[in-house]
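This note is addressed to a colleague who is beginning to read protein structures. Please keep the sequence and the structure in view while going through the points.

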There are 2 protein chains.
Amino acid sequence: MTSRHLKLRDYIIYQRRCCATIPIQDVTKQTGITVRTLRYYDQIGLLNPSAKTPGGHRIYSHDDLMRLKHIQFLKQMGFRLQEIDDMLTIQDRDWSASLNNQLAYVLEEQEKLKQMENYLRELLHSMAFEGEAKGAAVRKLIQLSGRSQESRKKYRKLLFEEHEQKLVSRLPKVNGDDPDSLEWIGLIAQLRKNRDAGPDAPQVQRIVRRILEKTDESFSGEDEFLDKLWKIRKCPEQSAQIGMYPLEPELLELFEQAYEVYLTRQQTQHPEQEADS
Amino acid sequence: MTSRHLKLRDYIIYQRRCCATIPIQDVTKQTGITVRTLRYYDQIGLLNPSAKTPGGHRIYSHDDLMRLKHIQFLKQMGFRLQEIDDMLTIQDRDWSASLNNQLAYVLEEQEKLKQMENYLRELLHSMAFEGEAKGAAVRKLIQLSGRSQESRKKYRKLLFEEHEQKLVSRLPKVNGDDPDSLEWIGLIAQLRKNRDAGPDAPQVQRIVRRILEKTDESFSGEDEFLDKLWKIRKCPEQSAQIGMYPLEPELLELFEQAYEVYLTRQQTQHPEQEADS
DNA sequence: ATTTAAGATGACGTGACGTCACTTTCAATC
DNA sequence: GATTGAAAGTGACGTCACGTCATCTTAAAT
């Protein structure tokens, strides 16, 4: 018993002098890697500590620490533990293939996440349009997401000519986070809130005025284009197919009525200004 | 036996007439979801088929299909099955919290992937600089990645004044994929390839000329800045701290010698042109 | 009645650990 | 030398969304 104890202490002191034995606690403090993880790495053979006490406690060397830091870095790069083991043990092969592979994977994942971001924004904005109707919004999105964006682009080309393509890009996108789109969404949401107020209510008239101002700002002089767009807007299926969120018919009708009221009021109030403005 | 058979057939025919029973094969064909997955969804209670044959075969309805498509969509958005179950069963709560949550998560993941992309490019380019030395490149990267970019920016501010900050941004970044950075990396790699050719070899001289042209193109008139930069370049530790990949001393020395050879040749060949160009 | 394809069930495996339960070891204190 | 408490060890089970067998049953056709 006594001799064993002394032997152990000598052994540890020897280790400290020679290549600085590091207990598992210090390893976790220096790297932030948990004890469990270190035991797991030992278990799968990714990082076997270079020594053990006679009692079985793991003792790490500085070389082990270096290897661990390499592992940590490569893991942050998204490599799996088996790949890391391969990369670190097979010293002679160069890594460019693995790295390029991983880079391609990372780029692919980024694309997916961007798609997800788009759909999530689209859903959020659609819910802002619709108030609280979740099911309907998802149902439409599912139809849109089923077909790839390719088909939507294709359909757009069928509907609009080249010049008008540029104008379409200026339309508020339901999944955009630019201030323009957000303002449009806000306007539509306000119109929905006042759907029961009637077309000649002052709030509705204010909203109509702001919508017209915004339309003029974006598409002044493109009356033919606006006309075509308005016809598509009235057909829910076509709206969905070019990527615009389909508005309910009642909302469109409300806007049309309010628009007429707005026009007649403009004419009675400023009959001469309307000609040149 | 016979009566049981007849009963079963009647049952199925009844189902077909009433709400269109769909066998599991058709579900997989329409959705692309595997049989195993459908059984799993049944097991965890995410999608229990609305009926079963007396023998235990699953029978899906159109409502089931709708729910399945919702599940499929939400899963593509990155939600977990338990969350999807919650979202679909608790009908009254709105989804905006979940969606915003998920959007935040998606944005966070995108950030991480961009970081990974940067480090991977940096590693690849570093290996192009160094030839094939993997360990050294990774070791340096680990040191850089250990400290956040904050400390690097901080150090940059200590070394350079505000005006020079803009010039630093024009330096080739070791992790950039812009044509400028790639050209620099190519030049350095070529210089490394001809490291044994001696400073007055014609290939080396051509490289030096191209390097000087490129330097002039980016930093003409900023001699003081270039001088400072050159001093930092000679100190590997400082180079690493501002995010430039540290070049080995021999390469820098080779370039200095080749530069002097280049200058003397220029002066002997065109002694009068050097004044105004 | 037999065949056969398709369906069901159950069990195990994946990856990188977290968590819990229980035992052993280390170093120090009495 | 005995005790003690903290830290170390091992082993087993759980995670998540299924894939992959192996084995058994059912449905529908011949």
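The numbered points below concern a predicted model, beginning with one chain and then turning to the interface and the salt bridges.

1. Chain A should be considered on its own before its partner. Its secondary structure consists of 14 helices and three strands. The chain has 277 residues, of which 39% are buried. Among its contacts with a separation of 6 or more, 58% join residues that lie 24 or more positions apart. Chain A exposes about 16,800 Å², and 50% of that area is supplied by carbon and sulfur atoms.

2. The interface between the two chains merits attention next. Here 42 residues of chain B are in contact with 42 residues of chain A. Together the chains bury about 3,700 Å², with 80% of this on carbon and sulfur atoms. On the side of chain B that touches chain A, the elements giving two or more residues are helix 4 (62-76), helix 6 (96-130) and helix 7 (134-146) of chain B. Helix 6 of chain B gives the most, with 19 residues. Sorted by class, that side of chain B has 21 nonpolar, 10 polar and 11 charged residues.

3. How many salt bridges are there between chain B and chain A? The count is zero. Four residue pairs are nevertheless found in polar contact across this interface, both residues of each pair being at pLDDT 80 or more.

4. Over all chains, the count comes to 18 salt bridges. One of them joins the side chains of A:D42 and A:K52, at 4.0 Å from N to O. This pair links distant parts of the chain, since A:D42 belongs to helix 3 (residues 35-44) and A:K52 to strand 2 (residues 51-52) of chain A, 10 residues apart. A:D42 counts as buried because its relative accessibility is 13%, under the 20% cut-off. A:K52, at 41%, counts as partly exposed. Both residues also belong to a network of salt bridges that includes A:R58.

5. Two salt bridges in chain B invite a reading along the helix. B:K112 and B:E109 have their closest N and O atoms 3.4 Å apart. These residues are three apart in helix 6 of chain B, so about one helical turn separates them. B:K112 is partly exposed, at 45% relative accessible area.

6. The side chains of B:E217 and B:K214 likewise form a salt bridge, at 3.3 Å from N to O. They are three residues apart in helix 11 (residues 202-219) of chain B, and therefore about one helical turn separates them. Is each partner buried or exposed? B:E217 is exposed, at 59%, whereas B:K214 is buried, at 5%.

How values were computed:
Residues are numbered from 1 along each chain as its sequence is written. Chains are lettered from A and ligands numbered from 1 in the order in which they are written. This is a predicted model: local features need pLDDT of at least 70, side-chain atom pairs count only at pLDDT 80 or more; totals for chains, interfaces and linings use all residues. Side-chain values use heavy atoms; hydrogens and water are left out. Contact means heavy atoms within 4.5 Å. Buried area is the accessible area (1.4 Å probe) that two parts lose on being put together, summed over both. A polar contact is a pair of N or O atoms within 3.5 Å; within protein, one must be able to donate a hydrogen and the other to accept it, and residues adjacent in sequence count only if both atoms are side-chain atoms. Helices (H or I, at least four residues) and strands (E, at least two) are DSSP runs, numbered from the N terminus. Ala, Val, Leu, Ile, Met, Phe, Trp, Tyr, Cys and Pro count as nonpolar, Asp, Glu, Lys and Arg as charged, and the others, Gly among them, as polar. Buried means under 20% relative accessible area, exposed over 50%, partly exposed in between (1.4 Å probe, protein chains only). Accessible areas come from the Shrake-Rupley method with a 1.4 Å probe; for residues, only the protein chains shown count as cover.
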